[in-house]
Amino acid sequence: MKKTSLLVSTVLFLFTGLANAHGPVRAKMTATITVDAPAAKVWDLIKNYDDMSWHPGIKSVKGDGTNNKGAIRVLTLANGTITEELKAYDAAKFSYKYKITDMSSTGTIKHAGQDEPLPVLPVGNYAAELSVNDKGGKAEIEWVATYYRAYVNNNPPAELNEEAADKAVTNVLKSGLEAIAKKVGSGSAAVEIDIKR
Amino acid sequence: MRIRYWFLVFSLLGVFASGVSADSRAFITNQLDNSVSVIDTKSQQVIETIKVEGKPAGVALNPAKKQVYISTPEGGGFAVLDGEKLTKLTKVKVGGASLGITADRKGEQVFVADWYENSVTVFDTKTFAKIKTITVGKSPSGMTVSPDNRWLYVANRIDDSISQIDLSKLSIRNTTKVGAHPFGIAVDSQGKRLYSANVESDNVTVLDARSLKRLATIKVGARPYAVSLALNDSLLFVTNQDDSTVSVVDTATLKQIEVIAVGDKPEGISTHPDDQNVYVANWFDNNVSVIDAKTLKVVNTIKTGEGSRAFGEFIAR
């Protein structure tokens, strides 16, 4: 009995060691939800780059009032701010792309003898696309995010590893899509999450 | 007389060029799909998709042996494909995380960089027996071989340097500092200049390919990934991952002269043997953009698989 659990922990340890030894790898998360509403109605709700009042995790947004490429918005969350740049905007295709250019930190931790800041979202080099597609009268909302973990060297601390990044991004995308579904009157729809790296 | 002579030369060149392009295939690694898309560059269609496990990333071609090598960072080695029949021949275990891969110009040896072991391992392309492991800098990534087959160049990403390996001795002759985090590299057809895309400093370093003397640093877009030359080495194309663009650098003036919008997260880049069409793998968009180096326009977009990376020289010459 003891032997088995020892073996299991050894195997787990080896596996974790291997995973941690890995340098940062870019992840691609695809979150989708299909709601019973016209795509144009859904797009109408989310189309303004400086309006994220539909997202429950975001308290306020400051933008420049445009949907022009290069527009900057600053999101205020419960634990800090995120600055994002609009990279592409396509009103005809109901889609826009943006990337995080700056984040405030929520504190620091000591790791490997260094002070490591904890960003609002524990990710690195984050970019995403939000789009709405018509699926036979229904709307499929797709939010695709690409990012690395926040820690750039090998052997990340738990707060800044892949798991922490995936969890945080899942939370942003899932709660956002659920809120959109609710606002367009399709509250029971479920979000599908797919993570690849 | 003279006119006829030139006419003949141009006709021959024309025949030669079209003969080459008919056979040319682009091998695109789809990292998230564990597959390789094979594009017939004449019809501009994907003609085969080959399953390769282990998050395939790097590509190297060996026209002499009609082999294609695909590095698999999570498979700890590389896969060998038959470049003609488009089948899997064998898998070679290297250990660690294999990423950068290239073959010598005669097709006798294949070199595999190991991201964690800080080494380049040399294999015989007949037996796939290990010939030697050469210790290089930290996190070796992009590699290329000089046209005269004398030098192997290796970008040591975390060391911000490039090493020049003497292929007759399989040992390092020289190492020099470049910009921050060099990744993809390319040497010109005369073996005179070497170019590196420096991911963290958003620029390209130009080195004398023999002495490794730094000749210039050229500002490009955000997080440049890889480089490729076209039109008789006169233009250098650079993929800018975070800008979804390709920078075009005039190699005479060493200035960026154009920025071309491609797909999102453009990564691997290679020039067709016609020296005019430049292929770019777009990781986020799961496709390949084809740029005409003469007009500097995207002339086609070809759907591939998820996470198209194609790191290396991926079109058969």
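**Why the labels fit: chains A and B**

Q: What do strand 14 of chain B and strand 15 (residues 171–177) of chain B form, and how many residues lie between them?
A: In this predicted model, the two strands of chain B form a hairpin with four residues between them. Leu170(B) sits in the turn, with a positive phi of about 55°.

Q: What makes strand 14 of chain B and strand 15 of chain B a pair?
A: Pairing needs at least two bridges, and six join these strands of chain B, so they count as paired. They run in the antiparallel sense. In strand 15 of chain B, Thr176(B) stands opposite Ile162(B).

Q: Why is strand 14 (residues 161–166) of chain B called largely enclosed by the rest of the structure?
A: Five of its six residues are buried, so strand 14 of chain B is largely enclosed. A buried residue has 20 or more other C-beta atoms within 10 Å of its own.

Q: Which strand of chain B also pairs with strand 14 over six bridges?
A: Strand 13 (residues 151–156) of chain B does, in the antiparallel sense. Leu152(B) has Ile165(B) as its bridge partner. Strands 13 and 14 of chain B form a hairpin with four residues between them. In that turn, Asp160(B) has a positive phi of about 55°.

Q: How do you know that strand 2 (residues 35–40) of chain B and strand 3 (residues 45–51) of chain B are paired?
A: The cut-off is at least two bridges; six join these strands of chain B, so they pair. They run antiparallel. Ile39(B) stands opposite Val46(B). The two strands of chain B form a hairpin with four residues between them, and Gln44(B) in the turn has a positive phi of about 60°.

Q: Is Val112(B) buried or exposed, and how do you know?
A: Buried: it has 28 other C-beta atoms within 10 Å. The threshold is 20 or more, so Val112(B) qualifies.

Q: Where is Val112(B), and which residues does it touch?
A: Val112(B) is in strand 9 (residues 109–114) of chain B. Leaving out residues up to four places away in sequence, its contacts include Ser71(B), Phe78(B), Val94(B) and Val120(B). Thr133(B) is 21 residues from Val112(B) along the chain, and their C-alpha atoms are separated by 9.4 Å.

Q: Which strands of chain B make the open sheet with order 8-9-10-11 end at its edges, and why are they called edge strands?
A: Strand 8 (98–103) and strand 11 (130–135) of chain B are called edge strands because each pairs on one side only. The sheet has four strands with antiparallel pairing. Its twist averages 20° from one strand to the next. Inside this order, strand 9 of chain B and strand 10 (residues 119–124) of chain B pair over six bridges. Gln109(B) stands opposite Asp124(B) there.

Q: What makes strand 24 (266–271) and strand 27 (297–303) of chain B edge strands?
A: Each pairs on one side only. They belong to an open sheet of four strands, in the order 24-25-26-27 of chain B, with antiparallel pairing. Neighbouring strands of this sheet are turned by 25° against each other on average, direction ignored. Six bridges join strand 25 (residues 277–282) of chain B to strand 26 (residues 287–292) of chain B. Tyr279(B) has Val290(B) as its bridge partner.

Q: What does UniProt place at residues 234–303 of chain B?
A: The unreviewed entry gives "domain: YNCE-like beta-propeller". In the model, this span of chain B is 0% helix and 63% strand. Its end C-alpha atoms lie 29 Å apart.

Q: Which residues touch the most other members of the largest nonpolar core?
A: Val154(B), Val227(B) and Phe237(B) do, in a core of 88 residues. A second, separate core has 45 residues, among them Ala27(A) and Leu173(A). Beyond its neighbours within four places in sequence, Val227(B) is in contact with residues including Tyr195(B), Leu236(B) and Ile269(B).

Q: How many helices and strands does chain A have?
A: Chain A has three helices and 10 strands. Along the sequence the pattern is α-β-α-β-β-β-β-β-β-β-β-α-β. Buried residues make up 30% of its 197 residues.

Q: How many residues does each chain bring to the contact?
A: Chain B brings eight and chain A six. On the side of chain B that touches chain A, four are nonpolar, one is polar and three are charged.

How values were computed: Residues numbered from 1 in each chain as written. Chains lettered and ligands numbered in written order. Predicted model: local features only at pLDDT ≥ 70, side-chain atom pairs only at ≥ 80, totals over all residues. Contact = placed C-beta atoms within 7 Å. Nonpolar A, V, L, I, M, F, W, Y, C, P; charged D, E, K, R; others polar. UniProt positions renumbered as here; feature names shortened; annotations may be inferred. Core = buried A, V, L, I, M, F, W, Y, C linked by C-beta atoms within 7 Å. Buried ≥ 20, exposed ≤ 12 C-beta atoms within 10 Å, placed from the backbone. Axes fitted to C-alpha atoms, helices over the stretch in contact; angles between N-to-C directions.
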